[in-house]
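Trainee: I'd like a close look at a single part of this model, starting with one aromatic side chain and what surrounds it. Please go residue by residue, and then follow the thread into the neighbouring strands and cores.

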Amino acid sequence: MDNTELILEGRNAITEALKADRSIDKIFIIDGKHDGPIKKIVSEARKKNIIVNFVSKDKLNDISLTKKHQGVIAYAAAYDYVDVKDMIKYANDKGEAPFILILDSIEDPHNLGAILRTANIAGVHGVIIPKRRAVGLTATVAKTSAGAIEHTRVARVTNVARTIDDLKKEGFWIACADMDGELMYNVDLKGSLAIVIGNEGEGVSRNVKEKCDFIVKVPMKGEITSLNASVAAGILTYEALRQRDYN
């Protein structure tokens, strides 16, 4: 799969994709006056909570591969998203305490792909990503995941903080990865757990961090004071796995 398979151009192609309930990350529409077909696409996209971006003609021309976009381009997901409740059911069906990763605005597709690969190998039941200001399930993510995208449940949510509230109602403890936290070896990572991994540059956003039950950090002894997001996610995931399965 390459990116050309995931870029839909033209009114008919995108209308049919919406009818077929294909997973679409976002739609770009030329800014200005819109006729009936475009208005219908916007209406259907909003019903399905798909992000719609209104952009200039030049911007649309820049991202178009065919140069026949008819004023609308959509980015389809490389794999279908699931609902958060499907992750919890999956864990329950296996007789395991649910273990989920929440990614707060990861923007690098290579990071997301690497995290999906680690999550699958470590037995994580699902990964949650936000709809806005974050990479979706692109072709690059699929390639970097080395097949894990086919076996790892990914949910895409409108509001991460609200999703954390919902998980707490389901009995989850929420751990935030941050260097101001307690050493990961001293934190109980068993039971129904979600670990929040922050953005590559800014870390976990303030409103999300405030929702977390505790903050946990990876030990560091060198001069560098931060880790790549996918590396930090891998280290914390495996510490949780050690505590949950190998104690």
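Mentor: Happy to. In this predicted model, F28 has a relative accessibility of 10%, so it counts as buried, because the cut-off for that label is under 20%. Its strand is mostly covered too: five of the seven residues of strand 2 are buried.

Now look at what flanks that strand. Strand 2 runs antiparallel to strand 4, and five bridges join them; here F28 stands opposite I73. Strand 2 also pairs with strand 3, this time in the parallel sense and again over five bridges, and the bridge partner of F28 in strand 3 is N53. Just before strand 3 there is a backbone detail to check: N49 sits in the loop between helix 2 (36-47) and strand 3 (51-55), and although N49 is not a glycine, its phi is positive, at about 60°.

Back to the ring of F28. The model has one aromatic pair by the rule used here. Its members are F28 and Y75, arranged edge-to-face, with 5.4 Å from centre to centre and 65° between the planes. F28 belongs to strand 2 (residues 24-30) and Y75 to strand 4 (residues 72-76), so the pair ties together parts that lie 47 residues apart in sequence. The burial of the two partners is worth noting: F28 counts as buried at 10% relative accessibility, whereas Y75, at 27%, counts as partly exposed.

Another ring has a charged group over it. R153 lies over the face of Y90, 3.6 Å from the ring centre. Both of those residues also touch H125, along with M87, A91, E96, A97, P98 and F99, if we leave out residues up to four places away in sequence. H125 itself is in the loop between helix 5 and strand 6. With a relative accessibility of 3%, H125 counts as buried, and its side chain makes a polar contact of 2.6 Å with that of E96. If you set up protonation states, these are the atoms to have on screen.

F99, one of the residues touching H125, takes us to strand 5. Five of the five residues in strand 5 are buried, so the strand is largely enclosed by the rest of the structure. Its side chains point two ways: F99, L101 and L103 to one side, I100 and I102 to the other. Strand 5 has parallel partners as well. With strand 9 it pairs over five bridges, where I102 has V196 as its bridge partner; with strand 6 it pairs over three bridges, where L101 is matched with V127.

Where do these side chains go? The largest nonpolar core holds 36 residues, and L101, L103, L112, L137 and I195 have the most contacts inside it. The elements that give two or more residues to this core are strand 5 (99-103), helix 5 (109-121), strand 6 (126-130), helix 6 (139-144), strand 8 (173-183), strand 9 (193-197) and helix 9 (229-245). There is also a second, separate core of 19 residues, which includes M87, I88, I102 and V196. As a general tendency, nonpolar side chains in soluble globular proteins are buried together.

For a concrete view of the bigger set, take L101. Setting aside neighbours within four places in sequence, L101 contacts I115, A119, V124, G126, V127, I128, I195 and T237.

Next to T237 in the numbering is Y238, which is found in helix 9. At 38% relative accessibility Y238 counts as partly exposed. Beyond four places in sequence, its contacts are T118, I121 and A122. The C-alpha atoms of Y238 and A194 are 13 Å apart, with their positions 44 residues apart along the chain.

One last backbone detail: R133 is placed in the loop between strand 6 and helix 6. Its phi is positive, near 55°, in a residue other than glycine. R133 is exposed, with a relative accessible area of 65%.

Note on methods:
Residues numbered from 1 in each chain as written. Predicted model: local features only at pLDDT ≥ 70, side-chain atom pairs only at ≥ 80, totals over all residues. Heavy atoms only, no water. Phe/Tyr/Trp six-rings, centres within 6.5 Å; stacked < 30°, edge-to-face > 60°. Helix = DSSP H or I, 4+ residues; strand = E, 2+ residues; numbered from the N terminus. Buried < 20%, exposed > 50% of the residue type's maximum accessible area, 1.4 Å probe, protein only. Lys NZ or Arg CZ within 6 Å of the ring centre and 35° of its normal. Core = buried A, V, L, I, M, F, W, Y, C linked by side-chain atoms within 4.5 Å. Contact = heavy atoms within 4.5 Å. Polar contact = N/O pair within 3.5 Å; in protein donor to acceptor, adjacent residues only side chain to side chain. Pairing = 2+ DSSP bridges.
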